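This report describes how a ligand is held by its protein and how the cysteines of that protein are placed. The sequence and structure are shown first.

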Amino acid sequence: MENDTVYHKRDFWGTENLRYVKPHFRMRKVAAQLRKLAADRELDLLDVGCGPASLADLLPANLHYHGVDIAIQKPAANLLEQDLVESPITFKGMTFDIVVAQGFFEYMGDVQSRKLAEIAELVKDEGKFVCTYQNFGHRRPNVYAPYSNMQPPGTFRRDLTRYFKIDQVFPTAYNWGHSHPNRGFLRAPQERFNVPNIPVIGPKLAIDYYYLCSPLRRP
Ligand SMILES: C[S@@+](CC[C@H](N)C(=O)[O-])C[C@H]1O[C@@H](n2cnc3c(N)ncnc32)[C@H](O)[C@@H]1O
């Protein structure tokens with residue numbers, strides 16, 4: 001059967017990913033986790049699907065930032081422009097202490113498994129993979145037009161565990177609508193604290209999930 005997955009390309013993302021210049025709720029949450037994870041260690045980090053590389057501004061200098069994306073906004077030595085559906089995820093032959101992919105797998109159509117396998121190869125043995133994935137089980141899922149890879153959280157998690165051990169997972173936020181909270185009383189506490197999984201209601205109200213993973217190394 002012919003594969004009819006629609007992938008958006010550089011002509012689309014070159015303007016679309018400018019929407020992610022201003023650090024958003026999820027990015028600030030992920031950055032806080034990365035700062036905690038790194039503490040004062042000197043580490044190499046790769047941001048897969050880095051967009052305008054805004055995450056870099058939220059990280060300390062001891063986290064050496066590298067990014068890869070189909071549409072790099074400001075060329076720099078630590079940023080690489082690559083269509084990751086077409087080519088393997090690589091960065092100048094390097095391996096990394098931390099690989100991050102936030103808001104990326106939703107666009108990976110039918111190459112999700114292959115990309116997870118490639119990331120597992122890029123993470124050092126003692127390194128970590130940090131990723132997020134939308135909760136398409138939300139009571140009113142938001143379907144952003146460029147999504148090419150929508151599946152329930154359990155299906156994503158099963159694929160993840162083929163290559164990684166999941167050390168930690170929690171929703172980045174809960175909200176009645178499928179968007180990160182933008183009002184103070186809902187936003188402020190959730191920005192500060194990680195709300196654990198709440199059985200039954202959690203899966204209907206979680207916006208997306210944060211995963212901290214270690215690569216599986218088979219003998
Ligand atoms: C929703 S944005 C997320 C950007 C950033 N990670 C963030 O959290 O703000 C998705 C990113 O994936 C990138 N992307 C989409 N398809 C891609 C592909 N085939 N290869 C590389 N990057 C891609 C887009 O350019 C965009 O920057």
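Which N or O atom in the side chain of His 24 matters here is left aside; how many Å is it from an oxygen atom of the ligand? The separation is 2.8 Å. The model is predicted, and the distances below are computed from it.

## Polar contacts of the ligand

Besides His 24, whose side chain places an N or O atom 2.8 Å from a ligand oxygen, two further residues can be described. Asn 17 has a polar side-chain atom 3.2 Å from an oxygen atom of the ligand. Gly 51 approaches through its backbone, with an N or O atom 3.4 Å from a ligand oxygen. On its own the ligand has 590 Å² of accessible area, of which the protein covers 98%.

## The surrounding shell

The ligand is located in the largest pocket. Around the ligand are 19 residues, the closest being His 24, Gly 49, Asp 69, Asp 83 and Leu 84. By class, this shell comprises nine nonpolar residues, seven polar residues and three charged residues.

## Cysteines

How many disulfides does the model contain? The count is zero. For Cys 50, the nearest cysteine sulfur belongs to Cys 131 and is 16 Å away, and Cys 50 is in no disulfide. Cys 50 has a relative accessibility of 5% and therefore counts as buried.

Why does Cys 131 form no bond with the closest cysteine sulfur? That sulfur is in Cys 213, and the 5.3 Å between the two atoms is too far for a bond, because a disulfide requires the sulfur atoms to be within 2.5 Å. Cys 131 likewise counts as buried, because its relative accessibility is 1%, below the 20% limit that defines the term.

How values were computed. Residues are numbered from 1 along each chain as its sequence is written. This is a predicted model: local features need pLDDT of at least 70, side-chain atom pairs count only at pLDDT 80 or more; totals for chains, interfaces and linings use all residues. Side-chain values use heavy atoms; hydrogens and water are left out. A residue is near a molecule or strand if one of its heavy atoms lies within 4 Å of it. A polar contact is a pair of N or O atoms within 3.5 Å; within protein, one must be able to donate a hydrogen and the other to accept it, and residues adjacent in sequence count only if both atoms are side-chain atoms. Accessible areas come from the Shrake-Rupley method with a 1.4 Å probe; for residues, only the protein chains shown count as cover. On a 1 Å grid over the protein atoms alone, a cavity is a set of points where a 1.4 Å probe fits but cannot get out, and a pocket is an open set with protein on both sides within 12 Å along at least five of seven lines; lining residues have an atom within 4 Å of a point. A molecule sits in a cavity or pocket if more than half of its atoms lie within 2 Å of its grid points. Ala, Val, Leu, Ile, Met, Phe, Trp, Tyr, Cys and Pro count as nonpolar, Asp, Glu, Lys and Arg as charged, and the others, Gly among them, as polar. Buried means under 20% relative accessible area, exposed over 50%, partly exposed in between (1.4 Å probe, protein chains only).
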